[in-house]
Amino acid sequence: MAFEFVSSGEEGDNFAYICKDAGEIFYYSEMLGLDERRGRDMNSGNCFLIPHRNSLDLGRELAFDFIDEVLPSEYAAVRDAFADPEDAQGQYIALLETNGKLQEWYDYQSHHTSRMLREWCAARGIAVEV
C-alpha cells in the first residue's frame with residue numbers, strides 16, 4: 001500500500017518511510033496535509049524512503065519493455081503516445097485495449113512490480129510477508 005501511495009502521484013508528491021526498528025510505515029504528503037513523521041527520527045539507518053515506481057523503472061521503461069516483447073509493431077505508436085505527457089497513460093491503455101492486450105499488460109506490470117519491490121526490500125534487509 002505504501003508503494004501505491006508513493007506512486008499515486010508524480011515523483012516528489014507523496015512519500016512513505018518504512019522503519020525497521022518501529023516495524024511501521026509512516027506517510028508524508030504536503031499536498032494532502034499528511035505528516036506521520038512528526039517526532040520520529042527518519043534519519044536512522046533503519047528507516048528507508050519507499051521508492052516511486054519510476055525510480056524502479058516501472059513506469060515508461062516497463063511499458064516500452066512490454067511493447068518490445070508483445071506488440072513490437074506498435075512501438076512507434078507508443079513512442080508517440082509518450083511524447084504527450086498529458087495523456088500518455090490514457091493513450092497507452094487505449095492502444096492495449098484495441099489490441100486485446102490490456103489484461104496481459106496488467107499481469108506483466110504486476111509481476112515486474114512485485115519482483116522489483118522484493119529485490120528492493122531484500123537489499124535493505126526488510127522481510128516480506130506474503
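**A four-stranded sheet and five helices**

The protein has five helices and four strands. The model is predicted. Read from the N terminus, the elements follow the order α-β-β-β-β-α-α-α-α. One helix thus comes ahead of the four strands, and the other helices come after them. The C-alpha trace spans about 50 × 30 × 20 Å along its principal axes. Of the contacts with a separation of 6 or more, 54% join residues 24 or more positions apart.

The strands are a convenient place to start. They form an open sheet in the order β3-β2-β1-β4, and the pairing is antiparallel. The edges are β3 (34-35) and β4 (47-49), each of which pairs on one side only. In general, the strands of a sheet pair through backbone hydrogen bonds, in a parallel or an antiparallel sense.

The pairing of β1 and β2 is antiparallel and runs over five bridges. Within it, F15 has Y28 of β2 as its bridge partner, and C19 has E24 of β2. The hairpin formed by these strands has four residues between them, and G23 there takes a positive phi near 65°.

Strand β2 (residues 24-29) also pairs with β3, in the antiparallel sense and over two bridges. S29 is the bridge partner of L34 in β3, while Y28 stands opposite D35 of that strand. Y28 therefore appears in two pairings, since its bridge partner on the β1 side is F15. The hairpin of β2 and β3 again has four residues between the strands, and here G33 takes a positive phi near 65°.

On the other side of β1 lies β4, and these two strands pair in the antiparallel sense over three bridges. Y17 has L49 of β4 as its bridge partner. How far is β1 enclosed by the rest of the structure? Four of its five residues are buried, so β1 is largely enclosed.

After the sheet, the chain passes through the loop between β4 and α2, where D57 is placed. D57 has a positive phi of about 60° although it is not a glycine. Most residues other than glycine have a negative phi. With a relative accessible area of 45%, D57 is partly exposed.

The interior can be described next. Buried residues make up 36% of the 130 residues in the protein. The largest nonpolar core has 30 residues, and those with the most contacts inside it are I50, I67, Y92, L96, W105 and W120. At least two residues of this core come from each of α1 (2-7), β1 (15-19), α2 (60-70), α3 (75-82), α4 (88-98) and α5. A second, separate core has five residues, among them C19, F26, M42 and C47. C19 also takes part in the sheet, where E24 in β2 is its bridge partner.

Helix α2 contributes several buried residues: L62, A63, F64, F66 and I67. What covers the buried residues of α2? The cover includes α3, α4 and α5. I67 is also among the residues with the most contacts inside the largest core.

W105 shows some of these contacts at the level of one residue. Leaving aside neighbours within four places in sequence, W105 is in contact with L62, A63, F66, Y92, I93 and L96. L62, A63 and F66 are buried residues of α2, and Y92 and L96 are, like W105, among those with the most contacts inside the largest core.

H112 is found in helix α5 (residues 102-123). Is H112 buried or exposed? Its relative accessibility is 16%, so H112 counts as buried, the cut-off being under 20%. Not counting residues up to four places away in sequence, H112 touches L58 and L62. L62 is also in contact with W105. The side chain of H112 makes a polar contact of 3.1 Å with the side chain of R115.

Last comes the outside of the protein. The accessible surface comes to about 8,000 Å², and 48% of this belongs to carbon and sulfur atoms.

Methods: Residues numbered from 1 in each chain as written. Predicted model: local features only at pLDDT ≥ 70, side-chain atom pairs only at ≥ 80, totals over all residues. Heavy atoms only, no water. Buried < 20%, exposed > 50% of the residue type's maximum accessible area, 1.4 Å probe, protein only. Polar contact = N/O pair within 3.5 Å; in protein donor to acceptor, adjacent residues only side chain to side chain. Contact = heavy atoms within 4.5 Å. Core = buried A, V, L, I, M, F, W, Y, C linked by side-chain atoms within 4.5 Å. Areas by Shrake-Rupley, 256 points an atom, 1.4 Å probe, with all protein chains shown as cover.
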